[in-house]
Each structure stands twice: as structure tokens, then as C-alpha cells.
Amino acid sequence: MEENQEGAHEEEHLESKEELIKVTGMYKDWFLDYASYVILERAVPAIEDGFKPVQRRIMHSRKDLDDGRYNKVANIVGHTMQYHPHGDASIGDAMVQIGQKDLLIDTQGNWGNILTGDRAAAPRYIEARLSKFALEVLYSPKLTEWQLSYDGRKQEPVNLPVKFPMLLAQGAEGIAVGLSTRILPHNFHELIDASINHLRGKKFKIFPDFPTGGIADITNYNDGLRGGRVRIRAKINQLDKNTLVINEIPYGTNTSSLIDSVLKANDKGKIKIKKIEDNTAADVEILIHLPNNISPDKTIDALYAFTQCENSIAPLGCVIIDHKPIFLGVSEILRRSTDHTLYLLQKELEIKLEELEEQWHFASLERIFIENRIYRDIEDEETWDGVIQAIDKGLKPFTKHLKRAVTVEDITRLTEIRIKRISKFDLDKAQQKIDTLEGDIAQIKHHLDNIVDFAVDYFKKLKKDYGEGRERKTELRIFDDIEATKVVIRNTKLYVNRAEGFVGTSLKKDEYVTDCSDIDDVICFTGDGKMMVTKVDSKTFIGKDIIHVAIFKKKDKRTIYNMIYRDGKAGNTYVKRFSVTSITRDREYDLTQRKKDSKIHYFSANPNGEAEVVTVFLRQMGSIRKVKFDLDFADVLIKGRKVKGNIVTKYSIKRIELKEEGVSTLKPRRIWFDETVKRLNVDERGELLGEFRGDDRLLIITQDGVAKTIKPELTTRFDSEIIVLEKWVKDKPISAIYWEPEKERYYVKRFLIENSDKEERFISDHEDSFLELVSTDYYPIAELVYTKPKGKERRENEEINIKEFISVKGVKALGNQLTTEKVNQINLLDPLPYENQNTDEEKEESKEESEYKEITGEDIKSGEIRKLDNNSSSDSQPSLFDD
């Protein structure tokens, strides 16, 4: 019994020791502690100095070891481990990143390459020391707030007293728990200018500048806040007709990853290249060789669309303020950084003023002490207190001008002056020192009274001393949107089985349609008047009796479809012309009036709005007199695809035959040039270049004396060297004045473009030859401003009519010497008027308009240019337009 009772007591005792512990509460506390630690101590930079803890500890260790000479990085990493508890790998990687930004650390050895992605050598092989810029802006021990290191053995700074917007200059990236930060780097000069503007109360804007260069579109930068986005492109130029060269790459990529993306796009058939070479050393140089008959302009667009030649970065400004993560825009970060710099400069001046006043105070006491021989008053004193009192008593008559009371510490310092110094004391030198100190004190007080001007001068000095070589590397430009379907290489073939109603890339035994890509859309029309647009696939069912298949272009207003159809089984026959600009993919559209057994008698697709003439044959029925007549589609207005159309006939049609190929009935295409993105467009952006028909070309003249003509394709890219871009008039001469170095004279010439498909250089091939001015006016006038000879009157300015001065010659002709006198300046004046500038084409258009007005009594409406036939009469087609 007793044993059983004892066992029961033991069980009750064990049960009382058990406690119910909820894991959820423990997880919540531990997770928050961990998240807070990662945010505050590892991933997110502080607003005060712009450093993460590991970066701050590295820079503090560098100062500890600094003696002006290089230190092995392995030694610096080891020294930093006294302050940083996370191992040598994280310290070494962070130090390499700081060194590669080339701002705070002067590096020696192989520190890797941000352009190629090559890693730095091992820490034992590379060396570093603080840069002069870092020594000037990072450190001020008297202003630094200190704290114990993680193990309590060392003192480390809470924040470094950084007197510069370092966070914005270097940028920062970090992924914490539940949040991240991505602050993009900005330009050194622009940050200083913005800081000065802020100090002066002016507005400012700052934008990213990347060490890899490239081109950036900061339209949606949003001041670096959440939701913003920066598009960055590589700088690609055309070396020759079959070679592209990449000289700068987007931020966040390297040459290896970029080349891999190009090769991958080539393997997928998005682009087509022959080979690619990487010649990158100190600067990027990637050569992309193209096959023959591949457009360089389209390839450049395709590289931006399908490879890492264009990247998009989403900035997110998050910093630590008062031990909390706060989201700020870059403008606010700069304001706070600049205000903090102003505060630190003021504190430094106050400390310096206090030190100078202390030096002045003791120098004055020392002079009084020695000049008045007060040291003799202590000869009879036997105790220390007696000595202090004797000196204090001796100083009192002479201390009224001092700025503070004399303390025991002051008197103690006086007693420490050596006899040798007293015996060699020079009163004049002592007064000179006091005067110098008073001048320094006055200057410091002036700076404190004008602290903003002092801070502005400080920033200007930084710009002057350290700004060389830190000019903007990234070009800011607004990008045009690239439609992938317009630039993708046609890497596969499209086939159609008309009878069964299938289209696709796998129907290789059926009828070939065209080359296409896997991102294209296909537009299909069937004999019963149905239309559908679908994505290119291996095999897609459209509907039986397919009469037309083509690649669909969105918003294409120039492709016009001409159609004659029967409405229902025995209805009237209608004609209509329409374009298809927007649709819903995979939806079937009925182009007839939705009646059963409707049928298309005639269909044609015309890429430039051509209007043909067809012959309509009617079935011989009843009392029909005319069973054959012609129909000109130029007489049919272009409308929407839903319209019913105009009646052709109410009788049954036997067949329709093409009689005459058509010409375009659309008005010439108006093309603009957008200087911002340097691209052509039809959206009325930029400068209107003119109205272009099928064979019209653009004239391009560049600053290096090259002239050429091109077809006005919207995918063409233009560089910044272009000085003339206009519609080319074949018989309109080009006038040019250029410098001929061998003869040391200016020459003038007039010429015509002899070969429209060839690029021509019309100035001397000498490397020092340059184009002074060029004009495409009929009667250009140049003004010569002559140089004043020594001791003589300057010759009056002379106006020269270039047309009268020289006749039109060949493009390779040297031209005529402009003058033998020394010319100071050549100006292009307003040209003389030219009355008869209409081209033959314009005259023909004008004639057509006059004839149309004479017949109808009204002007041709915009978009309704009709083909007139004086031989035709209104009753030749008795049933046309009966509706």
C-alpha cells in the first residue's frame, strides 16, 4: 500500500512540472527578432552615412590601419572581423563591391571587372588603401558617436560622419525579411550641384548614372520611389552594313550574360546573326556580324526586344531612420544628406572655434606669466596650494581681457613650462601667434555666421578636387516602344490547306504561304465571308474554303481589302473596300450580312490600298442586255469592315476576272521625325518631313560629309551626327562649303545624288577636312566674315550667291575655291525665293484635283483621291451604286 501511494505521489509531481508551451508565440517573437536584425544590421543602409553595417565596419577598419600605404585585403578583412560577426566571405565581397565603385578605396591588383563579370583575385593577392576623397569626407573622430563592438572588446562608430550624399553616389541593394531596397547610383557632379541648389533654396532633380554607361529612359523614374521603373539599353552602333558594335552595356548585366542572351535569341530564331566577338578589355567592344540581306536597324530593335541589350530596373528607396525602415525618394534622401552635411560642417567649425579659443586663452596666459615674471612669486612657496594661489594672485591684474576665468588646470599648465622656454621667450613671436589665432577665430566665426555659403564652398571644393573623370556616363533619352512582331526574324514557314480549312507551320505537304515567326498572328478569310485572326501554331482549323491567308499587322490602315460578295443564296451582289486594324484573337467575324449561303465572288488584299479594275460576267437570264461590264474599285470609298457596301448587280454573277492591276488610292503617307527618340513615325510627333509615296526617299547628310538616301522605314535608326534629314527631291542640288587641309582653303561645290542606293562622301578624304555648312535650298546665300589683318582695315563682309558662284558638278568634284583671304566665319543667310518648286508629281496631283473640281464642282476630300477617267460615262455601269 505504501509503495503504491509513493508511486502515485511521484506521478502527480511529474504532471505538475509539465507546462503547455505554444509554439506560435515563440515563432512570432523569434521571427520578429530575426527580421528586425536582418533589416537593421545587414541589408538596409542608414540615412546618416549611407552604409550598411558591414560597409561601415570595413571603412572604420581601413582608418585603423591607414598609414598612407597599401594593405593586403586579407589583413583588412581579418581586422574587420573584430567588429563584424559574420565571417570573412561577407566582408571580402562587400569590400570588393566598394572598391569596384572607385570612390572610397584606392585599389591595386585584380579587383575583378564589372563589365565582364570577372571575379576579383583572392584577398591575399590584392591590396587597398583609403582614397583622398574618403579621408576628407568620411572621418571626424571628434564628431563620431561610438558604441561597443559585438563582443565588447572594441569601440566602433554608430555612424560615420559622412559629409557627402554617399548613399546616392554609390547606390545600394539589399534583400531583408519582408522588404528590400534598391537605390540606383547617381552622378558625382549632379549630386553636388543638387546639394548646392538645395542649400540655396532652389529646386533640383537628380537621375541615375550607371558605371557601365548605356542609355537610360527615366520617364517613369518616380524619384526612385516604389512603382517607378528605369529602362536601360546598351549603346549599339552600326560599324558597317554587316556589323554592329556594342560599346556600352546596361547596368546589372555583363558582357558574358549579354552575349549568352544574344546567342539564345539567335538559337530561338528571334534574331539572325553570323557570329559574335567579344573584344572587351578596359572598354566594352562586342562585335555582332550579320548575314547578308539582314537589316541592321531591325536587328538593333530585335536585340533590344529579345536580349539583355535592354533591361528594366524597379528602384525602391528604403533606408534606416531612427532604427526603423522608411521609404524615401531620392530627392528627400539628398535633402536629408545635405542637411546632415551642413550640421556636421557647423559642428566641426564649433569644435575648431573652441580649440582655437583655448589656444588663444593659454597663449595669452603664457605671455602674461612670462612677460610679468609671475614665476618669481612662487620661489618662497613651500606647498602646492601656495604655488597655485601665488600664481593666481599674480595673474589677476592682467586677466581682465581674457574671455573666460582662469582655472586651476590653466595654472597647472603654466607651472609645467620649462625654464629653457622662459629664458628664450620672444615677446614679438608670442604676440604674432596670438594675432594669428585671433584672425583664425574671426574667420571661423564668419563661417559660422554664413554657414550655408561655407557649405556651398565646401561642395564646390569637392567638385573641383575630385570631380575629374566623374562626368555622366549614361545618356538620358526617351525610348520608342519596339513592337516585337515587327522586328522578329521570320524563323519558320506558314502553310495552308485551303480545302480542309487548316493553317499552320506543320502542314509542310500543303501550300506554302509565307515566312513567319512564332509570335506572329495570322489573318484568314473563307469563301463564305468569314474572317478570323489567330496566333501562329503548328495546326489550326479556320474553316473550309480558305481564300486568303497572311500575317496580320495590328493598326495597319494601309492594307485595304477589296471584296465582291453575294448576300444570301439569291440576294444582291455588293462591293466594298475595308481595312482591318483591330480584332479579338480567335473570334470569327462575318463580313457579309449574316445570311445563310452568302458567298464571296472576288477578293484581293492590297498592301498599299491599290484599286484594280475587274470585269464582271453575268449569267444569261431573261431580258438581260448587258452580261459583261467593268468595275473600278477606285470608285468605291474605303469604309469599315461591317458596312454592307454598294450594289454591283441584282442578277446572278457567272464569274469575275481581273482586267487591270490597280494603283494606290490612298493619300501619300505623312511622316514625322521625333528628335527625342530619333525615329520616324506617322503619329504626328516631332517635325513633319513630308508626304511620301511608294518610291520616295529620305535625304540624309551627316557632319562628316556623307550624303545618302534611304527608304522612309519606321524602323530606321538615326545617329546624332545627322545635320540634314528631309524628303529627297531628285533634281534639287546640294550646296556645301568645306575645308580642304592640303590647300588650306575653303571650297564650295554643288552636286546631285548620282546613285540613290550608295553612300557618298562629298568632302576631302583628308582626316583634317571638315564640313563647314551645307544647304539644300535652290538659291542659297553664304556670308563671309573676313579676319582682320594686322595693321590693316578688316575687309567688309561679303555675300555669295552659291548658284551663280558655281554650277552643278559631280559628287566627287573638288569644287571651286571660295576665297584666298583668311575667313573668320561663314554664315548661311536666308535663301533667295524660288517660285517654281513643284515637282512633276506635285504638278500631276494638282492637275487631277483641278479636273475633279471641274467635273464635280467640289474639292477632293482628304483620303478620297480618286482615279479619273474622262472616257468613262456614268451609264457605262448601269447597276453600280444602285443602293
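Buried means under 20% relative accessible area, exposed means over 50%, and partly exposed lies in between (1.4 Å probe, protein chains only). Helices (H or I, at least four residues) and strands (E, at least two) are DSSP runs, numbered from the N terminus. The model is predicted: local features need pLDDT of at least 70, side-chain atom pairs count only at pLDDT 80 or more, and totals for chains, interfaces and linings use all residues. Residues are numbered from 1 along each chain as its sequence is written, and side-chain values use heavy atoms, with hydrogens and water left out.

**View 1. Helix 8 is mostly covered.**
Nine of the 12 residues of helix 8 are buried. Among them are Phe188, Leu191, Ile192 and Leu199. Their cover includes helix 6 (132–137), helix 7 (166–170), helix 11 (330–371) and helix 16 (451–466); contact means heavy atoms within 4.5 Å. The expected span of a helix is 1.5 Å times one less than its number of residues. For helix 8 (residues 188–199) that gives 16 Å, and the end C-alpha atoms are 17 Å apart, which agrees.

**View 2. The two ends of helix 8.**
At the start, a side-chain oxygen of asparagine 187 comes to within 3.0 Å of the backbone nitrogen of histidine 189. Just after the helix, glycine 201 has a positive phi of about 80 degrees.

**View 3. Three strands form an open sheet.**
Their order is 1-3-2, and the pairing is antiparallel. Strand 1 (71–72) and strand 2 (105–108) are the edge strands, each pairing on one side only. Two strands pair if DSSP finds at least two bridges between them. Strand 2 and strand 3 (residues 127–130) share four bridges. Here glutamine 108 stands opposite glutamate 127 of strand 3.

**View 4. Helix 3 lies across strand 1 and strand 3.**
Helix 3 (residues 53–65) runs at about 85 degrees to strand 3. Axes are lines fitted to C-alpha atoms, for helices over the stretch in contact, and angles run from 0 to 180 degrees between N-to-C directions. Of the 13 residues in helix 3, 10 are buried. They include Val54, Ile58, Met59 and His60. The end C-alpha atoms of helix 3 are 18 Å apart, in agreement with the expected 18 Å.

**View 5. Helix 12 packs on helix 13.**
Helix 12 (residues 384–395) and helix 13 (residues 408–415) meet at an angle of about 100 degrees, with axes 10 Å apart. They are therefore roughly perpendicular, a label for angles of 65 to 115 degrees. Trp384, Val387, Ile388, Ile391, Asp392 and Leu395 of helix 12 meet Ile411, Thr412, Leu414 and Thr415 of helix 13.

**View 6. Strand 29 pairs with strand 33 and strand 30.**
Strand 29 (residues 610–618) has eight of its nine residues buried. Eight bridges join it to strand 33 (residues 653–664) in the antiparallel sense. Threonine 615 has glutamate 657 of strand 33 as its bridge partner. Five bridges link strand 29 to strand 30 (residues 628–632), again antiparallel. Phenylalanine 617 stands opposite lysine 628 in strand 30.

**View 7. Two arginines have positive phi values.**
Most residues other than glycine have a negative phi. Arginine 373 has a phi near 50 degrees. Arginine 373 sits in the loop between helix 11 and helix 12 and is partly exposed, at 45% relative accessible area. Phi of arginine 594 is near 65 degrees. The loop between strand 27 (589–590) and strand 28 (599–606) holds arginine 594, which counts as exposed at 67% relative accessibility.

Technical notes:
Polar contact = N/O pair within 3.5 Å; in protein donor to acceptor, adjacent residues only side chain to side chain. Parallel < 35°, antiparallel > 145°, perpendicular 65-115°, else oblique.
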